[in-house]
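User: Please take a close look at one part of this model. I would like a connected account of how that part sits against the rest of the chain.

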Amino acid sequence: MKHMAAYLMLVLGGNDSPTAADVSKALSSVGVEADSEQLDKLISELEGKDLSEILSSGESLLAKFGSGGGGGGGGGGGGGGGDAEEEKEEEEEVEEAPPAVDMFGGDDGGDY
């Protein structure tokens with residue numbers, strides 16, 4: 001999947017037919033190591049083919065599965081009438097920092 005993602009990004013970036021070296025370089029630039037065997041297989045399968053045709057044929061295959069989703073959730077409740085009491089927001093109490101003391105624990109300013 002990482003190889004295909006890098007391949008597609010290179011195509012979107014203007015490289016119409018990225019090579020295995022191009023994909024490896026793109027992956028290594030973000031710290032990902034390419035699997036040369038899988039990458040070579042991907043490049044050979046895509047070689048000489050129009051990417052937009054491949055994507056559209058894949059889209060038609062996905063359409064066979066159906067969307068299946070259960071729909072979105074309901075909307076939030078409407079604004080109540082003017083009779084409803086507004087909730088008062090409680091203010092959070094801010095904790096004050098304790099007063100600074102000298103290094104030895106005393107604050108009287110005298111000698112130790």
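Analyst: In this predicted model, the buried residues of helix 1 are H3, A6, Y7 and V11. They lie on the same side of the helix because the arc they cover around the axis is only 140°. An α-helix has 3.6 residues a turn, so residues three or four places apart point the same way. The face turned away from this buried side carries M9 and L12, both exposed.

The buried residues of helix 1 pack against three partners: helix 2, helix 3 and helix 4 (51-63). A6, Y7 and V11 also belong to the largest nonpolar core, whose 10 residues include V23, L27, L42 and L51 as well. Helix 1 (2-12), helix 2 (20-28) and helix 3 (36-46) each give at least two residues to this core, and helix 3 has the largest share, with 4. One core residue, L42, touches H3 and M4, when its neighbours within four places in sequence are left aside.

K2 is also in helix 1. It counts as partly exposed because its relative accessibility is 38%. Beyond four places in sequence, K2 has contacts with L27, V32 and E33. L27 is 25 residues away from K2 in sequence, yet their C-alpha atoms are 8.0 Å apart. For E33, the backbone oxygen lies 3.0 Å from a polar side-chain atom of K2.

Just after helix 1 comes G14, with a positive phi of about 115°.

Terms used. Residues numbered from 1 in each chain as written. Predicted model: local features only at pLDDT ≥ 70, side-chain atom pairs only at ≥ 80, totals over all residues. Heavy atoms only, no water. Core = buried A, V, L, I, M, F, W, Y, C linked by side-chain atoms within 4.5 Å. Buried < 20%, exposed > 50% of the residue type's maximum accessible area, 1.4 Å probe, protein only. Contact = heavy atoms within 4.5 Å. Arc of directions from axis to C-beta. Polar contact = N/O pair within 3.5 Å; in protein donor to acceptor, adjacent residues only side chain to side chain.
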